[in-house]
Amino acid sequence: MTKNSSKEYYDLICVGGGIMSANLALLAKMIKPDLNILILERLEAVAKESSAAWNNAGTGHSALCELNYCPEEDDGSVSISKALEICKQFEISKQFWSYLVDKEFIKDPGSFIKKVPHHSWVTGIKNADYLEKRYEAFKEHYMFNTISFTREISKMKEWFPLIMREREEGEVMAASRIERGTEVNYGTLTQQLYKILENEYNTPVKFYQDVEDLDPLENGNWTAIVKDLKSKEKYQIEADHIFIGAGGGALLLLETVEIEEKDGFGGFPVSGEWLVCKNEELISQHNGKVYSKAGPDDPPMSTPHLDTRYIDGKRQLMFGPFAGFSPKFLKEGSNLDLLKSVTFKNIPSMLGAFWHNLPLTKYLVHQVTMSFDDRMDDLRKFVKDAKNEDWEIQVAGQRVQTIKRDEFEGGKLEFGTQIVSGADGKITCLLGASPGASTATKVMLDVLEKAFPELIDKDENLSRLQEIIPYYKKEITKGFFENELKRTTDILNLK
Ligand SMILES: Cc1cc2nc3c(=O)[nH]c(=O)nc-3n(C[C@H](O)[C@H](O)[C@H](O)COP(=O)(O)OP(=O)(O)OC[C@H]3O[C@@H](n4cnc5c(N)ncnc54)[C@H](O)[C@@H]3O)c2cc1C
C-alpha cells in the first residue's frame with residue numbers, strides 16, 4: 001500500500017525476524033487479515049540470533065524445574081506465585097501452537113516440541129529442605145500437583161542415571177520431577193511461524209534490511225530509516241505502528257526513538273557458552289532437563305542445567321550456561337555496541353546498577369576467566385566422571401541484561417522482559433530475554449493490546465483471540481486448566 005508518492009506505508013513494521021516479531025505479526029494478521037505488515041531483518045534468514053536452537057537452552061519455561069521462580073521468603077515459606085504466572089504464560093504459548101497444528105498450518109508438532117521431563121536437583125541439607133518445601137507447596141496446586149519428590153539416591157538413579165553415576169548412598173541431595181516438561185526447538189518453530197505468515201497471509205520477511213533510525217512524523221506516524229545491506233542504499237518507510245523486536249539490538253534502536261519512556265534504560269551484554277556432548281552413548285543415557293540452584297549471589301540466568309535437546313534432527317546433550325563477555329549486543333553485532341549504548345540519560349542507571357550489583361560483576365569476571373578445564377570441573381559437579389574428550393564448547397546467544405532507572409539505587413538490573421512504549425502505543429519495544437521465547441505469545445498479546453487497543457476492544461476480535469487462545473482474558477479454574485492441558489498435550493503429541 002502506498003499512502004503518499006514518496007514513501008511506502010504500512011500499518012505495522014516489525015523490526016527483527018526472531019520469535020517475538022513472528023508471534024506479533026501472526027496474531028495481528030489472525031484478527032485483522034487486511035493489516036499491512038512489513039517485517040525487516042538485517043541478516044539473511046529468520047531465527048539466526050537468540051531464537052536459533054543452539055543460541056538458547058530450548059526449555060519450555062513453565063516453572064516446573066527452575067528454582068528462581070520459587071524464592072524462599074523471610075519466614076522460611078516458599079512462594080509459588082511467580083511460578084504460577086510463568087506456568088500459565090507457557091500454557092498460552094502451547095494453546096497458540098495447538099491452534100496452528102489443529103488448522104494444519106504446522107504439520108508436525110514433533111518438529112519443534114518434545115516431552116522431556118523437568119527435574120530440579122540440589123545437594124546439601126539446606127537446599128534439600130528448601131526443595132521439599134517447594135514440593136509441599138506445589139503439590140497443593142492443580143498446575144503442579146503431578147510433581148514427585150525424593151531424597152533417595154536409588155530413585156534419582158532412575159530419573160537421571162548419568163548424574164547419579166559414582167554417587168554414594170548417604171550423600172545428601174534431593175530432587176523433584178514433573179513428567180510433562182518440554183524441550184522446544186525455538187529456531188524451527190520460528191521458521192515455521194514465518195512460513196505461515198508468508199504462505200497464508202502474504203507477509204514475507206525482507207532480508208538484509210538494517211533499520212538504523214526511527215523518527216516521529218507530525219501526523220503521529222513513524223518513519224523507519226532503513227539501509228539495504230546489499231545495495232548499500234538508504235530509504236524511508238512510513239508506518240502507523242512500529243514494533244522493535246530486534247532482540248539484543250532493541251536497546252540501540254530504542255535509543256534513537258524520541259519518547260521519554262525510553263529514558264534511563266541501559267544494557268550490559270552477557271554472552272553465553274554451552275558444553276555440548278559428542279559421545280552418543282552418554283547422550284542416550286540422559287533423558288531430561290535437570291536444573292540445579294544458582295549460587296547465592298549469582299544471577300538467575302546462571303542456574304546450571306544438564307539438558308536433553310533435539311537439534312539438527314537428533315538428540316543432543318548440553319550443559320551450561322557459562323557466561324562470557326563481548327561488547328556486542330547481537331552475535332552478529334558490532335564491537336562498538338556497548339559504547340554506543342551509553343548516553344547522558346542512562347549513565348546514572350548504568351553506574352547505579354553496577355555499584356549495587358558488585359557480586360554480579362564478580363560472577364561475570366570469574367566466568368570470563370574460566371578455562372575449558374574449569375568448565376569441565378563445573379560439569380563434573382553434575383556428571384562426576386565426565387571426560388574432556390567427550391565435550392566441546394558451543395557459543396550460545398548474546399543477551400543484553402536490561403538496566404532500568406531506579407529512584408533509590410540509580411539503576412537496577414531487570415531480569416524479566418520489559419515492554420517499553422510511547423504513550424499512544426504506536427511505538428513498542430521489547431527489552432530483556434527471560435523467560436523469553438517460552439512466553440512470546442503472552443508478551444506479544446500485551447504488545448497487541450498496547451499498540452492496537454481499538455482492535456482488541458471489538459467483540460468479534462476478542463472472540464477470535466479466545467478461539468485461538470482459550471485462556472485469553474479468562475479466569476483459569478482447576479477444571480479449565482486440566483481440560484486445556486489434556487487438549488494441548490494431545491494436539492502437540494506430548495503424551
Ligand atoms: C543463552 C540463552 C539461553 C536462553 N534459554 C532460553 C530457554 O531455555 N527458553 C526460552 O524460552 N528462552 C530462552 N532464551 C531467551 C530467548 O532465546 C529469547 O527471549 C528470544 O529468542 C528472543 O527473541 P527475539 O525475537 O526478541 O530476538 P532474536 O531472536 O534475537 O531476534 C532479533 C532479530 O532482530 C534482528 N535485528 C536486530 N537489530 C536489527 C535492526 N536494526 N534491523 C533489522 N533487524 C535487526 C536480528 O538480526 C535478529 O534476527 C535464552 C536466551 C539466551 C541468550
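**Exercise 1.** In which kind of crossing does α1 pass α13, left-handed or right-handed? Work out the packing geometry and the make-up of the contact as well.

*Solution.* Keep in mind that this is a predicted model.

Step 1: find the two helices. Helix α1 covers residues 19-31 and helix α13 covers residues 440-451.

Step 2: get the geometry. Two packed helices are described by the angle between their axes and the distance between the axes. For this pair, the angle is about 55° and the axes are 9 Å apart. Roughly parallel would need an angle under 35 degrees, and roughly perpendicular runs from 65 to 115, so α1 counts as oblique to α13.

Step 3: get the handedness. The crossing of α1 and α13 is right-handed.

Step 4: list who touches whom. From α1 come Ile 19, Met 20, Asn 23, Leu 24, Leu 27 and Ala 28, while α13 brings in Ala 440, Thr 441, Met 444, Leu 445, Val 447 and Leu 448.

Step 5: sort them by class. You end up with 10 nonpolar residues, 2 polar ones and no charged ones.

**Exercise 2.** What radius of gyration does the protein have, and what would a compact globule with 495 residues have? Add the overall layout.

*Solution.* Step 1: take the reference. A compact globule with 495 residues would come out near 23 Å, and the protein has 23 Å, so the two agree.

Step 2: box it in. Along the principal axes, the C-alpha atoms fill roughly 75 × 50 × 45 Å.

Step 3: look inside. Of the 495 residues, 47% are buried. Among contacts with a separation of 6 or more, 74% link residues 24 or more positions apart.

Step 4: count the elements. The protein has 16 helices and 19 strands.

Conventions: Residues are numbered from 1 along each chain as its sequence is written. This is a predicted model: local features need pLDDT of at least 70, side-chain atom pairs count only at pLDDT 80 or more; totals for chains, interfaces and linings use all residues. Axes are lines fitted to C-alpha atoms, for helices over the stretch in contact, and angles run from 0 to 180 degrees between N-to-C directions. Helices (H or I, at least four residues) and strands (E, at least two) are DSSP runs, numbered from the N terminus. Angles under 35 degrees count as roughly parallel, over 145 as roughly antiparallel, 65 to 115 as roughly perpendicular and the rest as oblique. A crossing is left-handed if the near helix is turned anticlockwise from the far one by less than a right angle, and right-handed if clockwise. Two residues are in contact if their C-beta atoms, placed from the backbone, lie within 7 Å. Ala, Val, Leu, Ile, Met, Phe, Trp, Tyr, Cys and Pro count as nonpolar, Asp, Glu, Lys and Arg as charged, and the others, Gly among them, as polar. The radius of gyration is taken over C-alpha atoms; the globule rule is 2.2 Å times the number of residues to the power 0.38. A residue is buried if 20 or more other C-beta atoms lie within 10 Å of its own, exposed if 12 or fewer, and partly exposed in between; C-beta atoms are placed from the backbone.
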